Structures are given as C-alpha cells and as structure tokens.
Amino acid sequence: MHHFEYKVNELYCEDVPIKKIAAEVGTPVYIYSHATLERHFRVFDEALAQGRTKKHLICYSVKANSNLAVLRTLVALGAGVDTVSRGEIYRAIKVGCDPKKIVFSGVGKRDDEIAYALEVGILAFNVESHGELEAIERVAASMNKKAPVSLRVNPDVDAETHPYISTGLKKNKFGIPVTRAREEFAFARQQPHLEVVGLDCHIGSQLTKPSPFRDAIARLGELTRSLIQDGVPIKLLDIGGGLGISYNEEDPPSPADYGAAIREALAAFEDLDLTLICEPGRVIVGNAGVLVTKTLFLKQGEVKNFVIVDAAMNDLIRPAFYDSYHGIWPVVRKQGASAFVADVVGPICETSDFLARDRALTQQPAEGDLLALMSAGAYGFTMSSNYNTRPRVAEVMVKGGEFAVVRKRETLDDLLRGEEIPSFVK
Ligand code: LLP
C-alpha cells in the first residue's frame, strides 16, 4: 500500500503531481510520501501491539533510508533506531531520538564509535564477536562507564532470500555461533564494565515467508531460557529486521501475519519477561519512495531496445547489485499505448548500469518523458554514490498537497569538496 497513484492519467504522490516536482527540482529525484511512511510505521506498530508482543520497541533500521526528514517522521511516531555507525547515531540524535531507543549493530565497530555510543548513552550494543566484547570493555573502562550489551547470535537459519542479504547462516560473517553463545555470555558477565541486557539476531532481508522468523525466534527463545537459568539477566529480545515487501510478484507476510508468527513462536516463552525489539527497514520505507528519472534517448540496438534515462546505477544500485526488480511507471499515461519491451539503462560506462532488463513497459517512452522507479524508498539513496563524478540526486518529501526538498542535489563544488592537489604533484 502506498500513496503513489494516477489521477486520470497523471502520477501523483499524495496530492502533488510528480511532474510538478520534476519541473521544479529537476531529475533524477527521489520522492518520499509522508503519509505512506506514517501508515507503514503505524501498521507495523499495531501489528505488535497485543499479547506477547505488546511490550515492544520498533528500532527503525537507519541504513534503509537515513534522510533526516524520514528519520524525524518516524521518531516523532515513537520509533527508536537501529544503527550501524557513528554517522547513523549522529543522525538519530540530530532528529531528537531518545538515546535509550538506539541500538548499535554491526560486525566492525571502531573504538571511536564505541566511545561515541557510550557518550550518547544508547540502549544496547548488539555485539557480534569476542573481540568486540573486549573492545567495548576496554573503551567503557577508559571512560569509567558501564556498557549495555546484547549478544547477536547467529541462529543458523536459512532466510531463503538473495545470498548477499542473507545473514543468519553459519557461513555468514554475522553474529556469534549459537553453540558458543553461552560461553560468550559468561565472559561478558565477568567484565566489570559490561552489563548484559539482551539477546539479538538478524537473519536477513527481504524475507517473504514467516517460517525463518519463527525458527530463529524458537532458537533464541531456547537460548534465552537457558541463559536466564544461568542467571544472565536477559531483558531485551531483538529479532532484527528483514520483513520483505512486494516489488513485483512477491507475496510477503503482512505486518499482521508477521506479528502473529512472532507471537506464535514466543508462546513457549511466555513466562519470560522480555521486551521485544524489531529492526525493520525496508517494510517501513521501501514502498514510500520512488526515483523519478527522465528519458534522454531511445536507442534501437541490434537485438534490443534501450531506453536511456538520466538516473543510473550510482543513483539506484539494487538492479545492478542484486538483479532486483523495480516497477517502472510512466509519470504521464498516454491514451491507447501498447507495451514496449526494452532495457532501461543509465549513462554510466558499465554494462551493469541497468535499472531494468527486457522489461515490458506499459508504453513506449519518448525523449523527455518521465518514468518513476517504484519501491525505491529503501536502500535507494542510501546506497547511491558519486561514481562517474555524478552528483547525488535531490530528495523530496511530500505531505498532502505540500512538498519540500529534504536534501539538495549536490553541486559540482560538493563533488570536489575535500580534494587537494599536493605540492609534489606538478
Ligand atoms: N538489522 C540489521 C542488523 C540489519 O543488518 C538490517 C539490514 C536490518 C536490521 C534491516 O533489514 P530490513 O528490514 O530492511 O530488511 N541493500 C540491501 C539490503 C541490505 C540489508 C542489510 N541489513 C537491498 O537493497 O536489498
């Protein structure tokens, strides 16, 4: 569900014609719908607001879309955040997120990042290795603080998703093997500057079935019970993010189904007094954003048609990286148009620079026509780069009939900022 809809033949974001935004802000441009963000967060929150999942905290995963206006929208609705860097924590603080709603994940935290998180006073470090426990103990000791830690366990569950975004298998770099968890917890408890608060996992992203979540929670629940028996005071059970969305024909569980699956998996652990933490990213922002691009040229190859547009793999890398699908909708629908099969490609000098391959577009675009790449709100702008010295694009947020630029398009000076030619280079 989202608020990108045709009114007669023109695509709108809420009450604003996309054509109007493109005319004022230029292309390519990411456009986010405030109403969609709000709805997705509320639906997710409500899906958990009963029974065994009632005591919960939604820590929105900042990496999916870290724009300050997006973060502010979610934080104002009561969201906490899941972060993976000092930069993401900084963003969360900037939008007024309560530090006690921030979790800090990631396999490679540096000392300065650990120190920053301690200074801010976050809810928990999601710790992924023995070395990291030692590092946090060392930094916390030097600051005379006690660091709240959850241990991220790798439950060895197949998320049945793209291998690049599958994280809960033994062969993945993430988490502490479930078989070693008890000894790492025991080690953590002996450290004077660590306070063990929880157990964490994240098995992957874009999951389209509830069963891997259920399996992971079952394993975590068992472990939690044995830890509590060992006397480890587990209060937080963090089950990560990962709920998928429909890009094309996927039929992922609804948030309500997801909530029910979690409650079912938690049934055996009802006696334990735990706060559930979820770290959704994509399901909150994915369908709340589109990338609008302009057709530059049409090119007939020997065996294919190419629609060359002004957005490229540096702006939206998901098709090139994961071969992922984004719907492509014309911003203005033409009467009586018939399908047109083409590769939609960008200007970058790589064959992997495609946004869609062999796609049956609903109509043949003409030069200057605008196209909307759908479901681009998650891992779109945040994964963009300056490859080919292309400025990162503008981001716009729409609310009702209003819109605002929430990140300016980069300028040529922005592109060169920080670069210098040293005196020894003649
Ligand atoms: N928590 C942790 C520890 C994570 O690593 C991730 C995502 C999430 C939460 C949020 O997962 P979500 O609910 O969004 O599935 N760039 C890829 C996705 C990478 C996901 C990385 N981790 C893509 O464009 O599909």
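This section describes the ligand site and the internal cavities of a predicted model.

The ligand occupies the largest pocket of the protein. Residues from domain 1 (4-32 + 286-416) and from domain 2 (34-284) both contribute to the shell around the ligand, so the ligand lies between the two domains. The shell holds 18 residues, of which Ser205, Glu279, Arg318, Tyr322 and Tyr379 come nearest to the ligand. By class, five of the shell residues are nonpolar, seven are polar and six are charged.

Polar contacts to the ligand involve both side-chain and backbone atoms of the protein. An N or O atom in the side chain of Glu279 is 2.6 Å from a nitrogen atom of the ligand. Tyr322 likewise places a polar side-chain atom 2.7 Å from a ligand nitrogen atom. At Arg282 the contact is made through the backbone, where a polar atom is 2.8 Å from an oxygen atom of the ligand. The ligand taken alone exposes 580 Å², and 92% of that area is buried by the protein. Glu279 and Tyr322, which supply two of these side-chain contacts, also belong to the group of residues that come nearest to the ligand.

Apart from the ligand site, the whole structure was searched for cavities, and two of 30 Å³ or more were found. The largest cavity contains about 70 Å³ of space. Its lining includes Ile328, Trp329, Pro330 and Val332. Leu361, Thr362, Gln363, Gln364 and Pro365 also line the largest cavity, as do Asp369, Leu370 and Leu371.

Note on methods:
Residues are numbered from 1 along each chain as its sequence is written. This is a predicted model: local features need pLDDT of at least 70, side-chain atom pairs count only at pLDDT 80 or more; totals for chains, interfaces and linings use all residues. Side-chain values use heavy atoms; hydrogens and water are left out. A residue is near a molecule or strand if one of its heavy atoms lies within 4 Å of it. A polar contact is a pair of N or O atoms within 3.5 Å; within protein, one must be able to donate a hydrogen and the other to accept it, and residues adjacent in sequence count only if both atoms are side-chain atoms. Accessible areas come from the Shrake-Rupley method with a 1.4 Å probe; for residues, only the protein chains shown count as cover. On a 1 Å grid over the protein atoms alone, a cavity is a set of points where a 1.4 Å probe fits but cannot get out, and a pocket is an open set with protein on both sides within 12 Å along at least five of seven lines; lining residues have an atom within 4 Å of a point. A molecule sits in a cavity or pocket if more than half of its atoms lie within 2 Å of its grid points. Ala, Val, Leu, Ile, Met, Phe, Trp, Tyr, Cys and Pro count as nonpolar, Asp, Glu, Lys and Arg as charged, and the others, Gly among them, as polar. Domain bounds come from an automatic or database domain assignment. Grid points are joined across faces, edges and corners, and a volume is the space filled by probe spheres set on the points.
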